Amino acid sequence: MASEAAALLDELMGQQRNALPGEKVRETRWSDPEVCRHFLCGFCPSELFTNTKSDIGPCDKLHDERLKNMYQESERCGKLGYEDEFLHYLEKLVRDLDRRIERGRERLQKSVSAKQKVLQGETGINSDKLKTLNDEINMKVLSWTHWAHGGWWKRPSS
């Protein structure tokens, strides 16, 4: 919560909001280690799956649009290997998520096949009983339908 408040204050007032009026402050550069390299390349993957099972947690690096624009306009853009690192990281994320999806599909398939086996086993063993009960139910429904249409007061005594 405190880090979110600090990030909001940084966004509104700048990172040097606590500096004294006469104090010389160092300007943050896109090449500083506290700047998120993934964000400089386009976006930070930490922002993708928030509040899901695949949430990779918040990024502790700095995300600043101004620094991102400065990086993309610089002549060193694309030459430092940030994009290659970013691409490898994204490929790893995709592989991990594909594995999770595949495991989920396998679990689902196992549960569906187990349920089908149970249902087939019940109907295979008790098929004669089920047929007999079904026939009895149909006969009773027919007799009650016939009796209901004829009216209970007209029911012949047998």
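**Close-up A. Lys 92 and Asp 96 pair up in a salt bridge.** In this predicted model, the closest N and O atoms of Lys 92 and Asp 96 sit 3.3 Å apart. Both residues belong to helix H4, and because they are 4 residues apart there, about one helical turn separates them. Lys 92 is partly exposed, with a relative accessible area of 42%. Asp 96 is partly exposed too, with a relative accessible area of 25%. The pair isn't on its own, either: salt bridges that share partners join Lys 92, Asp 96 and Arg 99 into one network.

**Close-up B. A salt bridge links Arg 37 to Glu 85.** Here the side chains meet at 3.5 Å, N to O. Which helices does this pair tie together? Arg 37 lies in helix H2 and Glu 85 in helix H4, so the contact connects parts that are 48 residues apart in sequence. Arg 37 has a relative accessible area of 39%, which makes this residue partly exposed. Glu 85, at 41%, is partly exposed as well. Keep both residues in mind for the next view: Arg 37 and Glu 85 are among those that line the second largest pocket.

**Close-up C. The second largest pocket holds about 170 Å³ of space.** Its lining is made by Pro 33, Val 35, Cys 36, Arg 37, His 38, Cys 44, Ser 46, Cys 59, Lys 61, Tyr 82, Glu 85 and Tyr 89. Two elements give two or more residues to that lining, namely helix H2 (37–41) and helix H4 (82–125). Which of the elements gives the most? That would be H4, with 3 residues. Sorted by character, the lining residues come out as 7 nonpolar, 2 polar and 3 charged. Cysteines turn up in the lining at Cys 36, Cys 44 and Cys 59, and tyrosines at Tyr 82 and Tyr 89.

**Close-up D. Asp 64 and Arg 66 make another salt bridge.** The N to O distance between these two side chains is 3.8 Å, which falls inside the 4 Å limit used for a salt bridge. Is Asp 64 buried or partly exposed? At 21% relative accessibility, Asp 64 counts as partly exposed, since buried means under 20%. Arg 66 is partly exposed at 37%. Across the model, the count comes to 5 salt bridges.

**Close-up E. Leu 133, Ile 137 and Val 141 form a nonpolar surface patch.** Together, these side chains make a patch of about 280 Å². Leu 133 is found in helix H5, which runs over residues 127–150. How exposed is Leu 133? Its relative accessibility is 48%, so Leu 133 counts as partly exposed; the exposed class takes over above 50%.

**Close-up F. Stepping back, the protein has 5 helices and 0 strands.** Follow the sequence and the pattern reads α-α-α-α-α. The helices seen in the views above include H2 and H4, which share the salt bridge between Arg 37 and Glu 85, and H5, home to Leu 133. What share of the 158 residues is buried? Buried residues make up 14% of the protein.

Terms used: Residues are numbered from 1 along each chain as its sequence is written. This is a predicted model: local features need pLDDT of at least 70, side-chain atom pairs count only at pLDDT 80 or more; totals for chains, interfaces and linings use all residues. Side-chain values use heavy atoms; hydrogens and water are left out. Patches are made of residues with over 30% relative accessible area and no salt bridge: like charges are joined within 9 Å, nonpolar side chains (Val, Leu, Ile, Met, Phe, Trp, Tyr) within 5 Å. Accessible areas come from the Shrake-Rupley method with a 1.4 Å probe; for residues, only the protein chains shown count as cover. Buried means under 20% relative accessible area, exposed over 50%, partly exposed in between (1.4 Å probe, protein chains only). On a 1 Å grid over the protein atoms alone, a cavity is a set of points where a 1.4 Å probe fits but cannot get out, and a pocket is an open set with protein on both sides within 12 Å along at least five of seven lines; lining residues have an atom within 4 Å of a point. Grid points are joined across faces, edges and corners, and a volume is the space filled by probe spheres set on the points. Ala, Val, Leu, Ile, Met, Phe, Trp, Tyr, Cys and Pro count as nonpolar, Asp, Glu, Lys and Arg as charged, and the others, Gly among them, as polar.
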